[in-house]
Every structure is written in structure tokens, then in C-alpha cells.
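Q: Could you take one part of this structure and walk me through it slowly? I'm new to this, so plain words please.

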Amino acid sequence: MVWCLSTLRWRIISDWGTSARDWVFHVGKELEKREFDYFLVIWWSLWWSRNKRWTDNVVISPANTVEFAADYLRAFSGVLDPHPCLNTAPAAQTWVAPSGNIIKINSDAAIFHSNEAVGIGAVAQDSTGKCIAWKAFRIHRNLSPEVAEAWAARIAITLGKQQGWSHIILETDCATRHAKLMSTEQLPSTTAPVIHEILELTKSFLSCSFSLVRRTVNVIAHNLARHATGSEEDSFVIPDHVWDIALAEMPQ
């Protein structure tokens, strides 16, 4: 489950090979250096979690193990580069279904400059990739892209709470907002109130983690936001016109 919660490509990670040595060498050849660093830190974090259970009788959840690995890698990167552009795990290049009873919720925002409005979209999918809930609406306010993305994340996590899910992954293509959600530093920006609200809402779940993906992976949430109307919409089936456009934009 730990590997599924990471942003690493499952197609590569799941090719176990005949031995641990062969597996590591195979993964090292297939992944970029930054991804391979992340892979090694997660592997080490699994060993650390195992030791915590055996020596201290402390159970570390898969989501917390992945979060620990990401935090450790960011801290290490910060020592090497005191002024990084972004210290975080690499963005996923493909959408990967969550494992078990974990629900993945993608969110996005679309800015309509002509009429000073923002479209918000969020879509939740289960381990089979099936859409089990979505929400979209338009806000008639002049918001910056950063604030709009934060609002989209708040709608996504609120959707998870309303549905009563216990384990969720929040996925976004906004690197700035993702970095702020993963940061423990004080937030002096206009997004701070929304980010703090999101972090408080994470306490409603047994596990909640954040994942960064490329825009091409986030096409369903993006098109829900882009085609949002003035009233709140929600359902369990993606509208045909949204699905057709999203399908055409997905990487082949």
C-alpha cells in the first residue's frame, strides 16, 4: 500500500524481479534520479516503520510512512540547496488508482477572466478507477489562481468528509498549493486561511495524504471546473460532454 500511495509509477515499481538487488537495479535504470532518490527514501522509511513496530510497538500507517519519506527528502534537499524552487516528490505522470478502500480525490480550478469568475471541480475515484462522486460549481469572484486552487482543494476534502470516507488521497496539479499543504512553516500568504482549514479537515480521516500530478493527469477535475455553472452540481456519473473532452485530452 505504501508504494501505491507514493507518486512513483506503479508499472515500474511492481516489476519485482528475481531478487531485491535486481529489483533496485531495474528501478534505478527506469526512474529519473529525483524519482529514484524518492524510491530509496521510501524503502528506507519502510525499514524505519518496521523497526518502530518491533522495538517500540508503534504502528506507522502507510500514509504516514509516505509522508515521512517526503518530509525527509525535502529536508535533505533543503540542506543541499538552501533556496530550492520546490522541494517535494516528483509529479506523477499517469493517474494511478488507489489501493484497497482508499479514495483518490482530484481537484482543480479554472479562471474566467472575462466575467471575473472561477470554476471549481473535484472528482473522487475508487480502487477500480470508477467515479463515485464529483462536485462542480462557479464562484463569481475575482480570485488569484493560487487562491482558486486552494478553494478547489477545500471542496475536495469537504466532499470526502461529507461522504464519510476514512482514507483519502488529495491530488492536484498546482505545485505551489501542494508545497504549502506539505509545509510545516507559517503561511503568510492570502491562501493561509484556506490551507489551515484544509489541514484541520484532514483530522476527520484515519489517513489523508497529498499528491502532485501533471495537468495532463488531472483532466477530469479540470474539465469539471472549466464547464461548471453558477449553481452547485454533484453526482456519481461524469457528464458525457465533460468525459468526452477529458478522454480526448488524456495522454495516450
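A: Here is a close look at one helix and the neighbour it packs against.

Keep in mind that this is a predicted model, where local features need pLDDT of at least 70, side-chain atom pairs count only at pLDDT 80 or more, and totals for chains, interfaces and linings use all residues. Residues are numbered from 1 along each chain as its sequence is written, and side-chain values use heavy atoms, with hydrogens and water left out.

Our part is H3, a helix covering residues 20–30. Helices here are DSSP runs (H or I, at least four residues), numbered from the N terminus. Within H3, Trp23, Val24 and Val27 are buried, meaning under 20% relative accessible area with a 1.4 Å probe, protein chains only. Look down the axis of H3 and its buried residues fall within an arc of 95 degrees (taken from the directions from the helix axis to the C-beta atoms), so they line one face of the helix. Now flip to the face turned away from that buried side: Arg21 and Lys29 sit there, exposed, which is over 50% on that scale.

What does H3 meet? Trp23, Val24, Val27 and Gly28 in H3 touch Phe36, Phe39 and Trp43 in H4, with contact being heavy atoms within 4.5 Å. H4 spans residues 33–56, and the two axes come within 9 Å and cross at roughly 150 degrees. That makes H3 roughly antiparallel to H4, a label for angles over 145 degrees. The axes are lines fitted to C-alpha atoms over the stretch in contact, with angles from 0 to 180 degrees between N-to-C directions.

Technical notes: Helices (H or I, at least four residues) and strands (E, at least two) are DSSP runs, numbered from the N terminus. Angles under 35 degrees count as roughly parallel, over 145 as roughly antiparallel, 65 to 115 as roughly perpendicular and the rest as oblique.
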